[in-house]
Amino acid sequence: MEMDWHAERTDLANLALLDTEHAGEPIDLVAVRAYRLGRVRSEMAKRGIAACVLHDQVNIRYATGARNMQIFSSRNTGRYLLLTERDAILYEFTGAMHLADGLETLTGVRPAITASFVAAGEKIAERESLWARETAAALRELVGARATIGVERMNAGAAAALAAEGFRLVDAQEPVEMARCIKSPEEMKCVRASLRATEKGVERLRAAIRPGLTENALWSVLHQAVIAQDGDYIETRLLNSGPRTNPWFQETGPRMIGENELIALDTDVVGCHGYYADFSRTFHAGPGAPSAKQRELYRTAHEQVHFNMGIIEPGMSFRDYAERAWEIPEKYFANRYYLSSHGVGMTGEYPYLYHRADFPDAGYDGVIEPGMTLCVESFIGEESGGEGVKLEQQILVTESGIELLSHFPFEDALLG
């Protein structure tokens with residue numbers, strides 16, 4: 001049975017009128033943009049990077065606040081940023097230069113050269129060479145010949161052509177990720193606004209749950225709420241039901257939700273002001289009560305999340321966190337979530353904090369610092385099969401400990 005959208009029309013119209021700030025206080029977006037741009041430039045300077053040519057649309061938005069067709073532009077190389085100590089020149093997609101009007105972070109907006117096979121066809125090498133010549137000319141004017149240039153997410157041919165112009169190319173991921181990982185107090189208002197809006201959407205999703213509804217129809221409730229409240233999009237398709245809850249990472253589909261099944265959701269919302277709202281909840285479809293097995297899974301996941309939240313403190317090393325983190329019972333180990341915790345800002349970001357058993361092969365060291373926002377993860381499901389439970393909380397690391405950012409309640413019936 002599909003949702004009756006005609007019956008929902010009045011409620012959905014009312015939802016579109018909800019306040020889009022959500023945090024209850026005004027946000028100085030000029031100050032937010034200034035802080036972020038300063039962070040990127042500071043991290044570039046630490047590494048001797050004279051300029052960055054950024055194609056990652058989230059990085060462009062972080063550094064300048066400029067946004068345009070973020071998903072489309074992530075797979076079409078028609079929009080990029082040239083960033084130096086003093087200049088920030090946005091090369092914008094054809095016909096869209098007006099979108100950056102009034103952005104104080106930018107010193108110029110120019111038409112982009114689209115160096116993609118779709119745009120250039122068999123002349124792609126010529127287009128990449130043209131792009132490299134034009135970009136090199138701008139770089140020489142701004143930072144001089146043979147400077148160190150940070151690049152990321154660009155065509156291999158374009159990168160090779162730019163290197164042939166005499167520049168030393170390095171990876172720009174490190175300075176940008178290290179910039180993004182520490183949030184300002186004003187930036188945190190954006191994070192909270194995104195979370196409050198997403199929580200309203202999850203509340204509506206939870207209220208819509210009923211056996212007979214498809215996963216896709218249920219998931220669409222969250223989409224509608226996110227967009228109505230000035231959010232952007234949902235980055236993954238992580239809502240599933242019943243036997244599709246285990247193992248994790250089974251994408252939302254047309255399956256109909258059955259009676260008394262579990263429904264697992266990871267929000268992964270790029271929401272208000274472009275900030276990620278990332279928490280996970282697992283629900284029970286009813287109409288009966290959860291089974292003993294369902295409650296056991298849920299309580300175990302709840303224990304893992306809260307134990308690991310309890311050990312996080314500023315100054316802790318990533319290695320120390322891995323050593324002290326909750327020990328996953330053997331029957332749940334094979335299907336564990338691939339991370340214990342991870343950074344979050346405008347998307348998932350640095351750092352990744354690994355489980356103790358995975359640290360020797362995948363882990364790296366670093367320090368948990370005040371201003372980091374982290375998501376503490378759990379997936380609990382047996383390798384032998386059956387349902388699984390996904391839970392996750394988003395937190396801020398403070399000078400004295402942590403602050404819980406995600407406020408959506410857990411399920412009393414499943415906690416038992």
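This is a guided tour of one protein model, from the whole chain to selected residues. The model is predicted.

**The whole chain**

Begin with the full chain in a cartoon view. The secondary structure consists of 15 helices and 17 strands. The radius of gyration is 23 Å, close to the 22 Å given by the globule rule for 416 residues, so the protein is as compact as a globular protein of that length. Rotate the model to view its principal axes, along which the C-alpha trace spans about 70 × 55 × 45 Å.

Next, display the surface. The protein exposes about 17400 Å², of which carbon and sulfur atoms supply 51%. Of the 416 residues, 56% count as buried. Among contacts with a separation of 6 or more, 67% are between residues 24 or more positions apart.

**Residues 36-182**

Select residues 36-182 and colour them separately. An unreviewed UniProt entry places the feature "domain: Creatinase N-terminal" here. Over this range the chain is 44% helix and 18% strand. Mark the two end C-alpha atoms of the range as well; they are 9 Å apart.

Within this part of the sequence, show the side chains of Glu43, Lys46, Arg47 and Glu174. A network of salt bridges links these four residues.

**Three salt bridges**

Side chains of opposite charge can pair when their charged atoms come close. A search of the whole structure finds 26 salt bridges, and three individual pairs are visited here.

Select Asp232 and Arg61. These residues form a salt bridge whose closest N and O atoms are 2.5 Å apart. The pair links distant parts of the chain, 171 residues apart: Asp232 lies in the loop between α10 (215-228) and β7 (233-234), and Arg61 lies in helix α3 (residues 57-64). Are Asp232 and Arg61 buried or exposed? Both Asp232 and Arg61 are buried.

Move to Glu382 and Lys293. Their salt bridge brings the closest N and O atoms to 2.3 Å apart. This pair also links distant parts of the chain, with Glu382 in the loop between β15 (373-381) and β16 (388-397) and Lys293 in helix α11 (residues 292-311), 89 residues apart. Glu382 counts as buried because its relative accessibility is 16%, under the 20% limit. Lys293 has a relative accessible area of 36% and is therefore partly exposed.

Now select Arg324 and Asp320, whose closest N and O atoms are 3.7 Å apart in a salt bridge. Both residues lie in helix α12 (residues 318-324), 4 residues apart, which is about one turn of the helix. Arg324 counts as partly exposed, at 36% relative accessibility, and Asp320 is partly exposed, with a relative accessible area of 31%.

**A nonpolar patch on the surface**

Show the surface again and select Phe249, Tyr338, Tyr352 and Tyr364. Together these residues make a nonpolar surface patch of about 370 Å². Centre the view on Tyr338, which lies in the loop between α13 (330-333) and β13 (341-344). Tyr338 has a relative accessible area of 38% and is therefore partly exposed.

**Pro360**

For the last stop, select Pro360 in helix α14 (residues 359-362). Pro360 is exposed because its relative accessible area is 66%, over the 50% limit. Add Arg319 to the selection: although Pro360 and Arg319 are 41 residues apart along the chain, their C-alpha atoms are separated by 9.6 Å.

Note on methods
Residues are numbered from 1 along each chain as its sequence is written. This is a predicted model: local features need pLDDT of at least 70, side-chain atom pairs count only at pLDDT 80 or more; totals for chains, interfaces and linings use all residues. Side-chain values use heavy atoms; hydrogens and water are left out. Patches are made of residues with over 30% relative accessible area and no salt bridge: like charges are joined within 9 Å, nonpolar side chains (Val, Leu, Ile, Met, Phe, Trp, Tyr) within 5 Å. Accessible areas come from the Shrake-Rupley method with a 1.4 Å probe; for residues, only the protein chains shown count as cover. Buried means under 20% relative accessible area, exposed over 50%, partly exposed in between (1.4 Å probe, protein chains only). UniProt positions are given in the numbering used here, feature names are shortened, and annotations may be inferred rather than shown by experiment. The radius of gyration is taken over C-alpha atoms; the globule rule is 2.2 Å times the number of residues to the power 0.38. Contact means heavy atoms within 4.5 Å.
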